[in-house]
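This briefing introduces a predicted model to a reader who is new to it. Please view the sequence and the structure below before turning to the notes.

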Amino acid sequence: MRHLMSPLDFSVEELDELLKLAQDIEAHPDKYAHACDGKKLATLFYEPSTRTRLSHEAAMLNLGGSIMGFSSASSSSAAKGESVSDTIRTISCYADICAMRHPKEGAPMVACQHSTIPVINAGDGGHQHPTQTLTDLLTILNVKGRLDNMTIGLCGDLKFGRTVHSLITALVRYTGIRFVLISPEELRLPEYIRHDVLDKMNIPYEEVVRLEEAMPKLDILYMTRVQKERFFNEEDYVRMKDFYILDKEKMKLAPEDMYVLHPLPRVNEISVDVDNDPRAAYFRQVQYGVYVRMALILTLLDIHVD
């Protein structure tokens, strides 16, 4: 039995297989419509979510399975003080696979140690968000045709942004990857990722404050929102939230084949006037998220469709 806690849980070869399966699901959805008949997915979301929870649920429904779960800690027995380990032991009696989002780093890891069903980490604190990373990789592969030899700009909240942390750890395994880290000083990429991942693997990167400076160099621009829920005080959040706003004028600085990704939700860091630019890939990214989670569910349940 396998779990997904981090993008590193899959080798590059396994990732390539997973992405190939997701592309086949996109091309032939009818072939997979009954692959999970009789199977149940439990979504255990201790934090609010729209895309991650609903895309896992859509993925299972598209495969012919059924869903159950809760969408906040207050609507579960966690509100009564039940531990994660007891919750997962219980859920293991009801479902075949589960996706868990939790505000505490490491909570899904605790769950998988006590679970008798596969556990998908759907985001834990500021730590990892591996299914978003799978979505990002599929999006980059589909819009650029490759996952190697490119310059990726990561912009915004690089300190608390778990999507950024997961994407870096996944992409550094491909050859010819370079990063431009675009953030204010207060939201720089954590030192442990810079030293333990980028420096350790000799991955070229530069840190800049101005988005305009980075735009002409990029193959992919990955925008993130400044996350209010990760700040300890309102004053710091208000100071940071409008630091970067991508608009039509800034897009003029970018190459014709540079695509913009965003894990969503956005607040105001991408102006709506960018939405109609053919390089805006963030809503396509949402759709790819369903296909890749379908592929992940099939992989973890070891279901093969001929």
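With four residues, α1 makes the greatest contribution to the lining of the second largest pocket. This pocket has a volume of about 280 Å³. The points below describe its lining, then a parallel sheet and the buried residue Q132.

**The second largest pocket**
- A total of 13 residues line the second largest pocket, and those closest to its centre are E17, L21, T299, I303 and H304.
- Two or more lining residues come from each of the elements α1 (12-27) and α11 (282-300).
- Sorted by class, the lining comprises seven nonpolar, two polar and four charged residues.

**The sheet**
- An open sheet is formed by four strands, which follow the order β2-β1-β3-β4 with parallel pairing.
- The edges are held by β2 (66-70) and β4 (119-124); each has a single partner strand, so one side of each lacks a neighbour in the sheet.
- On average, and with direction ignored, neighbouring strands of this sheet are turned by 15° against each other.
- Four bridges join strand β3 (residues 97-102) to β4 in the parallel sense.
- M100 has N121 in β4 as its bridge partner.

**Residue Q132**
- Helix α5 (residues 130-144) contains Q132.
- Q132 has a relative accessible area of 7%, and it therefore counts as buried, the limit being under 20%.
- Beyond its neighbours within four places in sequence, Q132 is in contact with T163, Y222, P263, Q285 and R293.

Conventions
Residues are numbered from 1 along each chain as its sequence is written. This is a predicted model: local features need pLDDT of at least 70, side-chain atom pairs count only at pLDDT 80 or more; totals for chains, interfaces and linings use all residues. Side-chain values use heavy atoms; hydrogens and water are left out. Two strands pair if DSSP finds at least two bridges between them. Axes are lines fitted to C-alpha atoms, for helices over the stretch in contact, and angles run from 0 to 180 degrees between N-to-C directions. Buried means under 20% relative accessible area, exposed over 50%, partly exposed in between (1.4 Å probe, protein chains only). Contact means heavy atoms within 4.5 Å. On a 1 Å grid over the protein atoms alone, a cavity is a set of points where a 1.4 Å probe fits but cannot get out, and a pocket is an open set with protein on both sides within 12 Å along at least five of seven lines; lining residues have an atom within 4 Å of a point. Grid points are joined across faces, edges and corners, and a volume is the space filled by probe spheres set on the points. Ala, Val, Leu, Ile, Met, Phe, Trp, Tyr, Cys and Pro count as nonpolar, Asp, Glu, Lys and Arg as charged, and the others, Gly among them, as polar.
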